[in-house]
Amino acid sequence: MISDLIHALFYVLLARDRPTAIHCRNVSKYAMTIGSVLGLDSKDMKELYVAALLHDCGKVGLPDKLLKTSRKYTRWEKQMVQQHVVIGKNLLMSLGFSKEIIYSVYYHHERYDGMGYTEGLKGEKIPLFSRIIAIADTFDALISKRPYRNPLSIQQALNILKEAKGQFDPKLLDCFLKYMDKSYVDIKEDI
Ligand SMILES: [Fe+2]
């Protein structure tokens with residue numbers, strides 16, 4: 001039943017905001033890469049996959065004028081958009097998803113240095129899956145086209161991640177960078 005819900009939520013997101021759904025699918029792929037380098041067991045891999053695939057599902061609750069704009073957000077709009085983690089948490093909670101998945105989604109915009117939102121959690125107080133999703137999320141955002149810039153190359157994106165160490169869990173980032181440095185040439189064609 002939960003697997004039906006996962007697909008239903010994903011398709012609602014796809015219908016509502018296709019670029020976000022595609023981003024979620026990509027993030028799940030990169031998150032799984034980190035999970036497998038870490039050697040997570042199959043139960044954890046499945047929860048990580050679901051949390052990553054649905055990490056932005058709360059965006060279904062945002063108005064079109066915020067979802068589909070290409071201009072920069074005002075401060076107030078930015079705060080509204082940040083509510084997608086709360087909407088996502090409430091949505092997943094009401095559908096009976098596990099705590100692990102709910103809180104991995106809720107905390108995916110926290111930063112390792114404590115400068116993220118919504119709670120400003122720091123370091124390992126942030127759930128492991130949220131720390132993984134944060135890296136995968138940023139990487140996919142960098143290599144994707146945005147209204148205000150062209151996609152970066154994989155190497156450029158990896159260089160930016162390397163420079164942003166305080167933002168991410170350094171051990172997880174290291175895993176991702178090492179893996180991608182070895183195999184990044186094959187990734188882009190796969191997306
Ligand atoms: Fe997000």
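Donors are N, O and S atoms within 2.8 Å of the metal, and in this predicted model the donor residues of the iron ion follow the sequence spacing D-x27-H-x23-H-H.

**View 1. The iron ion and its donor residues.** The iron ion is coordinated by D56 through OD and by H84, H108 and H109, each through NE2, at 2.1 to 2.3 Å. The angles among the four donor atoms run from 84 to 176 degrees, and the site is irregular. Four donors count as tetrahedral if all angles lie between 85 and 135 degrees, a range that the angles of 84 to 176 degrees at this iron ion do not keep to.

**View 2. Two histidines that link separate parts of the chain.** Because H84 belongs to helix α6 (residues 84-94), while H109 sits in the loop between α7 (99-106) and α8 (128-142), the pair ties together parts that are 25 residues apart in sequence. H84 is buried, having a relative accessible area of 2%, whereas H109 is partly exposed, with a relative accessible area of 23%.

**View 3. A cis peptide bond in the loop between α7 and α8.** Y117 and T118 are joined by a cis peptide bond, for which omega is about 15 degrees, and T118 is placed in the loop between α7 and α8. In general, most peptide bonds are trans.

**View 4. The annotated HD domain.** According to the unreviewed UniProt entry, the annotation "domain: HD" covers residues 20-142. Over residues 20-142 the chain is 63% helix and 0% strand, and the C-alpha atoms at the two ends are 14 Å apart.

Conventions
Residues are numbered from 1 along each chain as its sequence is written. This is a predicted model: local features need pLDDT of at least 70, side-chain atom pairs count only at pLDDT 80 or more; totals for chains, interfaces and linings use all residues. Side-chain values use heavy atoms; hydrogens and water are left out. UniProt positions are given in the numbering used here, feature names are shortened, and annotations may be inferred rather than shown by experiment. Helices (H or I, at least four residues) and strands (E, at least two) are DSSP runs, numbered from the N terminus. Donors are N, O and S atoms within 2.8 Å of the metal (3.2 Å for Na, K and Ca); water is not among the atoms, so sites may look incomplete. Four donors count as tetrahedral if all angles lie between 85 and 135 degrees; four count as square planar and six as octahedral if opposite donors are over 155 degrees apart and all others between 65 and 115; anything else is irregular. Buried means under 20% relative accessible area, exposed over 50%, partly exposed in between (1.4 Å probe, protein chains only).
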